[in-house]
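Q: I am new to this structure and should like a close look at a single position in it. Please begin with that position and then explain how its surroundings are built.

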Amino acid sequence: MLDQLFEPMVLGGQTLPNRFVLPPLTRSRAQEDGVPTPLMAEYYRQRAGAGLVISEGTVVSPQGSAYAQVPGLYTEAQVEAWRPVVAAARSKGAAVYAQLWHVGRQAHSCVQPDGCPPLGPSPIAIAGWEYRSPDGPVPFEVPRELSHEGIAEVVTQFATAARNAAAAGFDGVELHAANGYLFDQFFNSSSNQRSDQYGGSVENRLRFLFEVIEAVSKVLPVNRIGVRISPSSSWMDVSDPDKRSLYSALVRGVNERGLAYLHMVEPGIAGAVDAQTDPNAIDSAELSELFDGPVIVTGGHTPQSAAAVVGSGSADLVGFGRLFIANPDLPRRVRHGAELTGLREEGLYAGGPAGYTDYPELQSSN
Ligand SMILES: Cc1cc2nc3c(=O)[nH]c(=O)nc-3n(C[C@H](O)[C@H](O)[C@H](O)COP(=O)(O)O)c2cc1C
């Protein structure tokens, strides 16, 4: 019954050995300056049995970062240090994509290079959540509204980061348009109250994403660009009276452009944790109908539920976040019917090898 997960498939012209995806997982083991570390190479080497490896969220600029020790792709030193990490991630035949990230208003002046409040589409602070500062939780700040020049600069930062990703050896990039970060802040009317061409109608609110896709497609083939969305999530205060129309329009627009894949976070996930499923949740299968290319779903899946969605044809690949953290050799364990290890909270974000590279792999006799 789980055989579907071991069928190879083609994505962006590359043959993936199986349907397991290591989804983007922030683990905060880079240096303070966003330079990847040898420990990260070991972590990705351990999880290289996935068909597709997507890097942890990797910021396109210092302004795009909310937390320390998150890697970047905007300096030469970062590009150099990514090379051995990417090589480790592809050591068993996976395709390796970099998740490109700008957090927008989820940052804070205490981590902004100029000490000013973060950037966002509109001067509206996140309500109902708090920023995790080194001194404890503090309220989110009212962001600075991005000017047209500011938007153009961020578009260029994404294109530069994509070029840097290719130079570091990544096969492609995933635009992080999920979980209430900058793209999602533009999409949703609760965080975007602009009256220019980037706000108002759905078409206008999607403009920033499509400008980034266009700019990135000048440096990478369009079939090496993926997009990640979380259509049913209002985590970090991104809401809209009609998410169904919004995300349907988004998926149609992405489909027309022939991207590598559409990656959807399943309903019932709030960022990195489980949450109550919204009664208005949009079934991933509904949106996948609008997309002709490969579809990835992530969120709450077991190997059994993953095989069922792949078998039903509503998704081609399935991401396993917390399961892959605790089971570095997840595909091999599933193939052998071996027991799965449980997740420990220890070292989830930041620290050394504990809770990061010390989860056991199956012994070779198993
Ligand atoms: C420790 C941790 C870090 C995460 N970091 C990211 C990230 O950098 N980018 C992202 O898009 N999602 C991130 N997520 C969300 C996961 O990609 C995934 O959507 C979520 O864990 C649900 O999948 P699961 O039920 O298989 O764990 C993170 C989740 C966890 C647990």
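A: Gly-268 is found in the loop between strand E12 and strand E13, the latter formed by residues 269-270. The model is a predicted one, and what follows describes that prediction. Gly-268 has a relative accessible area of 17%; because buried means under 20%, this glycine counts as buried. Apart from residues up to four places away in sequence, Gly-268 touches Val-273, Asp-274, Ala-275 and Thr-277. Ala-307 lies 39 residues from Gly-268 along the chain, and the C-alpha atoms of these two residues are separated by 19 Å.

To place this loop, one may turn to strand E12, which comprises residues 261-265. E12 belongs to a closed barrel of eight strands, in the order E3-E4-E5-E10-E11-E12-E15-E16, with parallel pairing. On average, neighbouring strands of this sheet are turned by 25° against each other, with direction ignored. Strands of a sheet pair through backbone hydrogen bonds, either parallel or antiparallel.

On one side, E12 is joined to E15 by four bridges, and these two strands run parallel. Within this pairing, Leu-262 stands opposite Val-295 of E15. Strand E15 covers residues 295-298, and both of its faces are covered: Val-295 and Val-297 are buried on one side, while Ile-296 and Thr-298 are buried on the other. In a regular strand the side chains alternate between the two faces of the sheet.

The path around the barrel continues from E15 to E16, which pair in the parallel sense over three bridges. Here Ile-296 has Leu-317 of E16 as its bridge partner. Strand E16 (residues 317-319) is joined in turn to strand E3 (residues 20-22) by two bridges, again with the strands running parallel. Val-21 has Gly-319 of E16 as its bridge partner in this pairing.

Helices pack around several of these strands. Helix H6 (residues 243-256) is one whose buried residues pack against E12; they also pack against strand E11 (225-229) and against helices H4 (182-187), H5 (202-216) and H7 (284-288). The buried residues of H6 are Lys-243, Leu-246, Tyr-247, Ser-248, Leu-250, Val-251, Gly-253 and Val-254. An α-helix has 3.6 residues a turn, so residues three or four places apart point the same way. The length of H6 can be checked as well: at 1.5 Å a residue, its 14 residues should span 20 Å, and the end C-alpha atoms are indeed 20 Å apart, so the two values agree. After H6 comes Gly-258, whose phi is positive, near 70°.

H6 is also linked to the loop between H4 and H5, where Asn-188 has its place. Asn-188 is buried, with a relative accessible area of 0%. The side chains of Asn-188 and Lys-243 make a polar contact at 3.0 Å. Leaving aside neighbours within four places in sequence, the contacts of Asn-188 include Lys-243, Leu-246 and Tyr-247, as well as Arg-205, Val-238, Ser-239 and Asp-240.

Elsewhere around the barrel, helix H3 (residues 148-168) lies across strand E5 (95-101) and strand E10 (172-176), and runs at about 155° to E5. Helix H1 (residues 38-46) has Met-40, Ala-41, Tyr-43, Tyr-44 and Gln-46 buried. These buried residues of H1 pack against strands E3 and E4 (52-59) and against helices H2 (76-89) and H9 (321-326). Gln-46 is also among the contacts of Asp-329, together with Pro-360, Glu-361 and Leu-362, when neighbours within four places in sequence are set aside. Asp-329 sits in the loop between H9 and helix H10 (330-335) and is buried, with a relative accessible area of 7%. Its side chain reaches the backbone nitrogen of Leu-362 at 2.6 Å.

The ligand completes this account. Of the 20 residues around it, Thr-26, Arg-228, Gly-300, Gly-321 and Arg-322 come nearest. A polar side-chain atom of Arg-322 is 2.6 Å from an oxygen atom of the ligand. A polar backbone atom of Gly-57 lies 3.1 Å from an oxygen atom of the ligand, whereas Gln-99 places a polar side-chain atom 2.9 Å from a nitrogen atom of the ligand.

Terms used. Residues numbered from 1 in each chain as written. Predicted model: local features only at pLDDT ≥ 70, side-chain atom pairs only at ≥ 80, totals over all residues. Heavy atoms only, no water. Pairing = 2+ DSSP bridges. Axes fitted to C-alpha atoms, helices over the stretch in contact; angles between N-to-C directions. Contact = heavy atoms within 4.5 Å. Expected span 1.5 Å × (residues − 1). Buried < 20%, exposed > 50% of the residue type's maximum accessible area, 1.4 Å probe, protein only. Near = heavy atom within 4 Å. Polar contact = N/O pair within 3.5 Å; in protein donor to acceptor, adjacent residues only side chain to side chain.
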